[in-house]
Amino acid sequence: MSRIGKKAVAIPNGVTLALDGQTVTVKGPKGELSWTVADEIEVSQGEAGLSLAPRSDSQRARAMWGLSRTLVANMVQGVTQGYEQTLELVGVGYRAAMKGKALSMQLGFSHDVDVQPPAGITFATPRQTAIVISGIDKQLVGETAARIRKIRPPEPYKGKGVRYAGEAVRRKEGKKK
């Protein structure tokens, strides 16, 4: 039995939830998200909120039960509070700046790297060495952060590169003379 799947998804004030077959649509103050739940999961709306239950006792149904509940809960949190991911630039001369809505970074290449935000994502640079990625879709925020980090991942000798805020980079010992 899924401990996560058993919990009902609470619907806060200001959020409307619509069920159309297996498609769940959540509207809130920050926007609207929709997702189609797997056929193995039964979705029902009650007084406690949205509850999900497996239609059968198969391995896939049990696996999708907790996943589906978590994804719907993430949608509810996204349209009410939103999600944010912070990246740090570590290295001499590494900096980021906004060019309109696009993000322009100097990462030690011979050219500037420009990144256009996908729909629903906004960039901010509170400092030259910090990038804040925000949006209502948790998966899209994380994926965008990973794509930016992939441009120049932190290297193990000096620790230079783009890293998540608070990420610990394992350092290697250099050559001995």
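This report covers selected residues, one helix and the largest pocket of a predicted model.

**Gln22**

Gln22 sits in the loop that joins strand E1 (16–20) to strand E2 (23–27). Its relative accessibility is 16%, so Gln22 counts as buried, the cut-off being under 20%. A polar atom of the Gln22 side chain lies 2.9 Å from the backbone oxygen of Ile41. Ile41 is also one of the contacts of Gln22 beyond four places in sequence. The others are Trp35, Thr36, Val37, Ala38, Asp39 and Arg55.

**The largest pocket**

Trp35, a contact of Gln22, also lines the largest pocket. The space in this pocket is about 200 Å³. Its lining further includes Leu33, Ser34, Leu71, Asn74 and Met75. Ile136, Asp137, Lys138 and Gln139 belong to the lining as well. Strand E3 (32–36), helix H2 (59–80) and helix H3 (138–151) each give two or more residues to the lining of the largest pocket. By type, the lining holds 5 nonpolar, 3 polar and 2 charged residues.

**Helix H2 and what follows**

Helix H2 has 22 residues. At 1.5 Å a residue, H2 should span 32 Å, and its end C-alpha atoms are 33 Å apart, so the two values agree. Just after H2, Gly82 adopts a positive phi of about 85°.

**Ser134**

Ser134 belongs to strand E11 (residues 130–135). The side chains of Ser134 and Thr122 make a polar contact at 2.8 Å. Thr122 also appears among the contacts of Ser134 outside its neighbours within four places in sequence. Tyr83, Glu84, Gly120, Ile121 and Val141 complete that set.

**Gly91**

Gly91 is in the loop between strand E6 (83–90) and strand E7 (95–99). With 26% relative accessibility, Gly91 counts as partly exposed, because that class runs between the 20% and 50% limits. Gly91 and Ser51 are 40 residues apart along the chain. Their C-alpha atoms are separated by 48 Å.

**Distances in brief**

The table gathers the atom-to-atom distances described above.

| Atoms | Distance |
|---|---|
| Gln22 side-chain polar atom and Ile41 backbone oxygen | 2.9 Å |
| Ser134 side chain and Thr122 side chain | 2.8 Å |
| Gly91 C-alpha and Ser51 C-alpha | 48 Å |
| End C-alpha atoms of H2 | 33 Å |

Methods:
Residues are numbered from 1 along each chain as its sequence is written. This is a predicted model: local features need pLDDT of at least 70, side-chain atom pairs count only at pLDDT 80 or more; totals for chains, interfaces and linings use all residues. Side-chain values use heavy atoms; hydrogens and water are left out. Helices (H or I, at least four residues) and strands (E, at least two) are DSSP runs, numbered from the N terminus. Buried means under 20% relative accessible area, exposed over 50%, partly exposed in between (1.4 Å probe, protein chains only). A polar contact is a pair of N or O atoms within 3.5 Å; within protein, one must be able to donate a hydrogen and the other to accept it, and residues adjacent in sequence count only if both atoms are side-chain atoms. Contact means heavy atoms within 4.5 Å. On a 1 Å grid over the protein atoms alone, a cavity is a set of points where a 1.4 Å probe fits but cannot get out, and a pocket is an open set with protein on both sides within 12 Å along at least five of seven lines; lining residues have an atom within 4 Å of a point. Grid points are joined across faces, edges and corners, and a volume is the space filled by probe spheres set on the points. Ala, Val, Leu, Ile, Met, Phe, Trp, Tyr, Cys and Pro count as nonpolar, Asp, Glu, Lys and Arg as charged, and the others, Gly among them, as polar. The expected span of a helix is 1.5 Å times one less than its number of residues.
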